[in-house]
Amino acid sequence: MTTDLPSRSRIVHESLRAAGIASDIVVLPDAASTAALAAAALGVEVGAIANSLVFWSDGEPLLVMTSGAHRVDTAALAERTGRTEIKRASVDQVRSATGQAIGGVAPTGHPAPLTTFIDEDLEQYDEIWAAGGTPHTVFPLTFDELVRLTAGTVVAVG
């Protein structure tokens with residue numbers, strides 16, 4: 001039941017439904033604030049975890065959905081996407097841009113849409129898992145649903 005979800009996760013749930021995605025948010029007994037923890041809790045490959053990483057680029061927040069199997073190469077990503085610089089957002093910038101805390105940032109449910117890049121490596125998985133607005137919540141979706149949900153641009157991020 002959505003009433004049992006944390007308030008941030010209810011916002012994510014409503015955003016999923018508005019996008020026509022029927023996934024249910026799962027509440028984990030322990031925090032899964034890293035891809036490795038989430039993968040272990042769910043019994044899936046770490047690469048099937050879609051990390052929501054917030055960066056600051058050209059004066060705006062930038063959401064990068066990356067496979068949990070690797071890191072973002074910010075210099076290469078900036079070059080590929082025509083941005084001058086991409087750097088990690090501060091804790092305050094993440095909270096302001098998403099309304100969510102680091103370790104639980106969902107790909108949706110933000111105060112305003114974010115420019116989003118999606119790791120092309122996520123496409124190899126039939127099902128991927130993303131944070132549901134808190135470090136204790138996650139939800140499954142397909143790669144195509146993630147692209148549609150975020151209006152993201154698919155790119156190599158490594």
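Here's a short walk through one helix and one strand of this model, which is predicted.

**Stop one: helix H1.** Select residues 7-18. That's H1, with 12 residues, and from first C-alpha to last it reaches 17 Å, close to the 16 Å expected at 1.5 Å a residue. Now show the side chains of Ser9, Val12, His13 and Leu16, which are buried. Look down the axis of H1: the buried residues fall within an arc of 100 degrees, so they line one face of the helix. The general rule is handy here: an α-helix has 3.6 residues a turn, so residues three or four places apart point the same way.

What do the buried residues of H1 pack against? Add 137-141 and 143-150 to your selection: these are strand E7 and helix H5, and they are the packing partners. Then swing round to the other side of H1, where Glu14 and Ala18 are exposed. Before leaving, click on Gly20, just after H1, which has a positive phi of about 80 degrees.

**Stop two: strand E2.** Select residues 49-57. Eight of the nine residues of E2 are buried, so the strand is largely enclosed by the rest of the structure.

Bring in its pairing partners one by one:

- E3 (residues 60-67) runs antiparallel to E2, joined by eight bridges; find Ser52 opposite Met65. In the hairpin, two residues sit between the strands, and Asp58 takes a positive phi near 50 degrees.
- E4 (residues 86-88) pairs with E2 in the antiparallel sense over three bridges, with Arg88 as the bridge partner of Phe55.
- E6 (residues 128-131) pairs with E2 in the parallel sense over two bridges; here Ile49 stands opposite Trp129.

Key: Residues numbered from 1 in each chain as written. Predicted model: local features only at pLDDT ≥ 70, side-chain atom pairs only at ≥ 80, totals over all residues. Heavy atoms only, no water. Helix = DSSP H or I, 4+ residues; strand = E, 2+ residues; numbered from the N terminus. Expected span 1.5 Å × (residues − 1). Buried < 20%, exposed > 50% of the residue type's maximum accessible area, 1.4 Å probe, protein only. Arc of directions from axis to C-beta. Contact = heavy atoms within 4.5 Å. Pairing = 2+ DSSP bridges.
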